[in-house]
Structures are given as C-alpha cells and as structure tokens.
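Good morning, and thank you for making time for this item. I should like to take you through one structure, beginning with a single residue and working outwards.

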Amino acid sequence: MSEFTAADHSYMAEALRLAGLGLYTTDPNPRVGAVVVKDGKVVGRGFHSKAGEAHAEVLAMRDAGVNAKGADLYLTMEPCSHQGKTPPCADAVIAAGVQRVVAAMTDPNPQVSGKGFEKLKAAGIATVQGLMEADAKALNPGFISRMTRGRPWVRTKLAVSLDGRTALATGESKWISGETSREDVHRWRARSSAVLTGIGTLLKDDPSLNVRLPGEWRQPIKVVVDTYLSTPATAKIFQRQPDSVYIATTVEDPEEHELLEKAGANIQVFPEKSGGMMDLKAVLEALSELECNEVLVEAGAGMNGPLLAAGLIDEIILYMAPHLLGDTARGMFSLPALASMEQRRQVDIVDMRMIGKDIRLILRPKQ
C-alpha cells in the first residue's frame with residue numbers, strides 16, 4: 001500500500017505544473033515547483049523562474065505567509081542545503097515552521113544530494129520522497145545528466161521524408177517539414193542550453209541557430225564542431241550580438257583564431273581522434289563545464305552518426321513529413337554498414353503525435 005494519498009498526488013501534480021512554468025527560463029538551474037498546503041487547502045504556490053532569483057519553496061512559503069507554520073510543503077526536488085547565488089532553502093523551510101515536506105526527487109547535485117533532507121529531519125520535520133518521481137525527473141533530464149554524468153542531455157533534431165531522407169543528393173533540404181514543425185523546433189531550441197552543429201551544415205546552410213518566436217526569449221549558446229577551423233567570420237551565427245558562439249576545433253594556431261575571435265567566437269581546442277574526428281565526448285564535457293544542461297544537435301549525418309555510435313545521443317526528435325525523396329537522397333546517420341541484423345541499433349518510442357501535417361516521434365536509443 002502506498003504511503004501517499006490521492007490528495008498528496010493532487011498537490012504534487014500542482015507543484016509539477018508550476019515547475020513546468022520555468023521550462024524556458026531556469027537554465028542552468030533545475031525546474032522546480034512548490035505548493036504549501038494547510039488544513040486541506042493550498043495556501044502558497046511558487047516556482048523557480050531564473051537563476052539568481054528565489055527558489056520555488058521560498059516563493060511558495062512567502063506566498064503562504066504565516067500560514068506556512070504547521071503546513072505541508074510539496075516540492076518537486078529536495079531543498080538545497082548549500083549557499084549558492086541564494087541562501088540554503090532547507091534553512092528557510094525550517095525557519096518557516098513547516099511540519100512536513102513531501103518531495104518528488106532527491107537533488108542530483110553532489111553538493112546537496114540527501115543533505116537537504118538530513119537538515120529537515122534533524123529539525124524534526126517529517127520528510128518523505130519519491131512521490132511522482134518519474135514526472136519530476138522528466139522535467140530536468142539535462143540537470144540530472146550534468147550532475148551525474150558530467151555531460152549535458154543531448155537531443156538531435158531531424159526532419160525526414162517518409163523514406164527517412166533528410167535532403168536531396170544535392171544537399172537541398174528546404175523545406176522537408178512543415179511550418180508548424182519548424183515552429184516546434186524553435187521551442188526545443190528555447191529550452192536548450194546550447195544548439196550544436198557541424199561545420200558541414202554551417203557551410204551548406206549558414207544557419208542562425210537562434211530562437212525566433214514572438215516575444216523575448218533566452219538565446220542558447222551556439223556551438224560549431226569545426227575540426228580544421230573553416231568557419232567564415234561572416235557566418236550568420238555571429239550576426240546576433242551578444243549571443244554566445246563557441247567553436248570546437250583541433251587547430252591551435254592563434255593567428256587562425258584571431259579573425260573569428262574578432263567576429264565574436266570563443267574558440268576551444270580539443271584533441272583529434274583517429275580518422276580525423278574530434279573527441280565529441282570531450283566537447284560535451286566542456287559544455288557541461290559551461291553549465292549546459294540540454295544540448296540540441298542540428299546537424300547532418302556526418303555529425304549524427306559519430307554521436308550515435310559513441311552513445312552520446314540521448315534523444316532523437318524526428319519530424320516525418322508526408323512525402324518521398326528516393327534512394328539517392330541523404331540519410332539520417334552516417335554509420336558503418338551492418339554485417340547482420342543483430343547489430344541494428346534499437347530505439348524506444350517515447351512519444352508520437354501529429355505536428356501540423358507531420359508526425360513527430362521522440363525516440364531514445366537503447367545504449
């Protein structure tokens with residue numbers, strides 16, 4: 001029998017809804033929501049909206065005021081116990097006189113993990129965790145990945161025909177997917193810390209890689225994997241200052257760096273692996289050092305294949321449009337030929353829905 005009641009589930013569902021309001025703004029912090037309940041009524045609500053501003057539980061208790069004393073606090077993630085840009089939230093919960101804390105998940109940050117709960121229990125506050133944990137984790141795959149694996153959560157976006165082709169043999173690809181799908185891509189960009197592409201896609205398409213939706217949006221870092229430093233200083237990625245542009249390369253020559261740095265690039269040199277490929281894992285680890293939680297890959301088969309082969313793609317966002325391009329058109333992943341069906345790469349279908357006239361599949365490769 002579950003230790004959680006139907007009412008507990010209802011209040012946590014509200015906290016999760018509130019956490020979702022920070023989907024596009026909390027980076028690099030996690031998305032967290034909180035609800036204060038007293039005598040069966042919600043008396044306070046809060047969600048974390050931006051790094052450096054008050055956390056969800058503090059806002060919820062502030063909203064509850066004196067009603068926080070003796071109340072229950074429903075929280076999608078364990079309260080922090082360390083001094084960061086804001087004071088420890090566990091201390092604020094104790095000071096408010098909350099009698100019970102129900103948390104969905106433990107904070108994966110090693111500085112916190114379990115310590116917030118320990119503080120609350122030491123203060124005599126009843127503390128339980130695990131309610132709707134999967135839902136809370138689904139809100140923060142990037143933060144969890146960065147804290148536990150030392151790299152961001154990596155999604156690749158692909159627009160394909162029904163026969164799985166991303167472009168004609170000439171490279172022409174505008175537009176495979178419909179306008180509604182392309183708008184949906186901008187929302188994936190908006191929730192991402194960084195958008196990553198390869199030099200082949202940059203030279204062919206000259207993409208801007210920015211969020212183009214109505215209103216004001218946080219812009220992701222633009223990252224170009226450019227092994228031999230071929231990025232032109234006139235590329236569109238430099239035209240929106242002060243957007244951050246990072247170029248990962250194997251070229252160490254400062255003179256070759258200079259022109260791109262004047263255009264606004266931050267250049268980082270990485271080791272070259274066998275076959276002329278860059279160490280993509282090292283690139284992702286460097287993005288983790290920049291506090292990138294979620295990375296959206298918008299690139300061709302030449303980048304997607306090595307990422308998939310290295311086990312570095314966590315999720316595939318696939319827009320499948322209702323037309324056929326034929327067998328000479330380009331595919332999705334550049335991978336070695338398979339000798340047998342046992343070598344095929346399997347994926348789980350996480351979600352499938354219509355986006356305009358296209359089918360959007362969310363897939364997760366089985367590692």
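Let us begin with Arg-187, which is located in helix 7. Please bear in mind throughout that this is a predicted model. Is Arg-187 buried, partly exposed or exposed? With a relative accessible area of 32%, Arg-187 counts as partly exposed, because that class covers values between 20% and 50%.

Which residues does Arg-187 contact, once neighbours within four places in sequence are set aside? They are Tyr-24, Leu-213 and Trp-217. As for Leu-213, 26 residues separate it from Arg-187 in sequence, and the C-alpha to C-alpha distance between the two is 8.1 Å.

Helix 7 itself spans residues 179–191. This helix lies across strand 6, strand 7, strand 11, strand 12, strand 13 and strand 14. Relative to strand 12, residues 315–321, helix 7 runs at about 165 degrees.

That brings us to the sheet. Nine strands make up an open sheet with mixed pairing, and their order is 10-9-8-7-11-6-12-14-13. Why do strand 10 and strand 13 each have one side without a neighbour in the sheet? Strand 10, residues 265–269, and strand 13, residues 347–355, stand at the edges with a single partner strand each, so one side of each is left open in this sense. From one strand to the next, the twist averages 20 degrees.

Within the sheet, I would draw your attention to strand 6, residues 153–161, and strand 11, residues 294–297. These two strands run parallel and are joined by four bridges. In one such pairing, Val-154 has Val-295 of strand 11 as its bridge partner. Helix 6, residues 141–149, lies across both strand 6 and strand 11, and runs at about 130 degrees to strand 6.

Helix 6 also leads us to the nonpolar cores. The largest has 36 residues, and those with the most contacts inside it are Met-12, Val-36, Leu-73, Tyr-74, Val-93 and Val-101. Helix 6 is one of the elements that each supply at least two residues of this core, which also include strand 1, helix 2 and strand 3. Which helix gives the most to this core? Helix 1 does, with six residues.

Val-36 deserves a closer look. Not counting residues up to four places away in sequence, Val-36 touches a set that includes Val-42, Ala-60, Met-61, Asp-72 and Leu-73.

Apart from this core lies another, of 31 residues, with Val-283, Leu-308, Leu-312 and Leu-318 among them.

Thank you; I am happy to take questions.

Note on methods:
Residues numbered from 1 in each chain as written. Predicted model: local features only at pLDDT ≥ 70, side-chain atom pairs only at ≥ 80, totals over all residues. Heavy atoms only, no water. Pairing = 2+ DSSP bridges. Axes fitted to C-alpha atoms, helices over the stretch in contact; angles between N-to-C directions. Contact = heavy atoms within 4.5 Å. Buried < 20%, exposed > 50% of the residue type's maximum accessible area, 1.4 Å probe, protein only. Core = buried A, V, L, I, M, F, W, Y, C linked by side-chain atoms within 4.5 Å.
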